[in-house]
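Here's a quick walk through one protein model, written for someone who'd rather be at the bench. Have a look at the sequence and the fold first, then read on.

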Amino acid sequence: MTSQAEGRPPARIRIAGPGDAAALLRLKQRLDLQTAFMLLEPDERDTSVQALADHLGAAVRSGNSAVIVAESGDELAGYVELTGGAFRRNRTTAHLVMGVLTEASGQGLGTALLSQAKHWAVTHGLHRLELTVMAHNHRAAGLYKRVGFSVEGRRAQCLVVEGRFVDELYMAVIL
């Protein structure tokens, strides 16, 4: 699957594997610096490429977890990670985390990543996808709503971002 931005080559959307660990770590570190909408602050991320490679390998083997990346040229511009439940009762539900670089936003990459995530989830027997988004991140919440997610609840003052308490929206889609 590809996403086309005006004047740029299309991004290639694909499943990440252990060999993508270094590039994915660079992407996540860039996102940590670019935005306060991700959970981790720049100095909180594990910087071990091997640990991330092991995590990617475990996701591939799990059957209900995956990391999907958007590759633009020789670097990654975005990702969506689906983490499936570890027990029989929650195995058909996956939690999503997504990030797209600032310079790649507004070009359909987020929509393409979420579309691929939903397709992957359906073909792997998942029934529900869920996520949290900071309530003041109207752009991301709007994207999630456009691709079928709905707000199921609000977690009041659950995070401290730049010294201020912020709410999160709990969103989900039934596949």
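## A buried charge pair

The side chains of arginine 45 and aspartate 32 meet in a salt bridge, at 2.7 Å from N to O. This pair ties together distant parts of the chain: arginine 45 sits in the loop between helix H1 (21-34) and helix H2 (49-62), while aspartate 32 is in helix H1, 13 residues apart. By salt bridge we mean a side-chain nitrogen of Lys or Arg within 4 Å of a carboxyl oxygen of Asp or Glu. Helices (H or I, at least four residues) and strands (E, at least two) are DSSP runs, numbered from the N terminus.

Before going further, some housekeeping: this is a predicted model, where local features need pLDDT of at least 70 and side-chain atom pairs count only at pLDDT 80 or more, while totals for chains, interfaces and linings use all residues. Residues are numbered from 1 along each chain as its sequence is written, and side-chain values use heavy atoms, with hydrogens and water left out.

Are arginine 45 and aspartate 32 buried or exposed? Both are buried, which here means under 20% relative accessible area, with exposed being over 50% and partly exposed in between (1.4 Å probe, protein chains only). For aspartate 32 the relative accessible area is 4%. Not counting residues up to four places away in sequence, aspartate 32 touches Leu40, Glu41, Pro42 and Arg45, where contact means heavy atoms within 4.5 Å.

Lysine 28 is found in helix H1 too, and at 8% relative accessibility lysine 28 counts as buried. Leaving aside neighbours within four places in sequence, lysine 28 is in contact with Arg45, Leu52, Tyr79 and Glu81. Not everything is close by, though: lysine 28 and alanine 86 are 24 Å apart in space, C-alpha to C-alpha, and 58 residues apart in sequence.

## More salt bridges

How many salt bridges does the structure hold? There are 11. Side chains of opposite charge can pair when their charged atoms come close. Arg12, Arg14, Asp20 and Glu71 go a step further and are linked in a network of salt bridges.

Glutamate 130 forms a salt bridge with arginine 128, the closest N and O atoms being 2.8 Å apart. Glutamate 130 is buried at 14% relative accessible area, and arginine 128 counts as buried at 17%.

Aspartate 167 and arginine 154 also meet through their side chains in a salt bridge, at 2.7 Å from N to O. This one links distant parts of the chain, with aspartate 167 in strand S8, arginine 154 in strand S7, and their positions 13 residues apart in sequence. Aspartate 167 counts as buried at 19% relative accessibility, whereas arginine 154 counts as exposed at 54%.

## The strands around S8

Strand S8 (residues 164-174) pairs with strand S6 (residues 128-134) in the antiparallel sense over seven bridges. In that pairing, the bridge partner of valine 133 is leucine 169 in S8. Strand S7 (residues 150-161) pairs with S8 as well, again antiparallel, over eight bridges, and serine 150 stands opposite alanine 172 in S8. Two strands pair if DSSP finds at least two bridges between them. The hairpin of S7 and S8 has two residues between the strands, and there glutamate 162 takes a positive phi near 50°.

## Pockets

Rolling a probe the size of a water molecule over the atoms shows where empty space is left. On a 1 Å grid over the protein atoms alone, a pocket is an open set of points where a 1.4 Å probe fits, with protein on both sides within 12 Å along at least five of seven lines; lining residues have an atom within 4 Å of a point. Grid points are joined across faces, edges and corners, and a volume is the space filled by probe spheres set on the points.

| Pocket | Volume | Lining residues by class |
|---|---|---|
| Largest pocket | about 960 Å³ | 20 nonpolar, 13 polar, five charged |
| Second largest pocket | about 170 Å³ | nine nonpolar, one polar, four charged |

Ala, Val, Leu, Ile, Met, Phe, Trp, Tyr, Cys and Pro count as nonpolar, Asp, Glu, Lys and Arg as charged, and the others, Gly among them, as polar.

The largest pocket has a volume of about 960 Å³. Of the 38 residues that line the largest pocket, Met38, Met98, Gly99, Asn137 and Tyr144 are the closest to its centre. The largest share of that lining, six residues, comes from S5.

The second largest pocket is lined by 14 residues, with Ala36, Met38, Leu39, Glu41 and Val161 nearest its centre. Here S7 gives the largest share, three residues.
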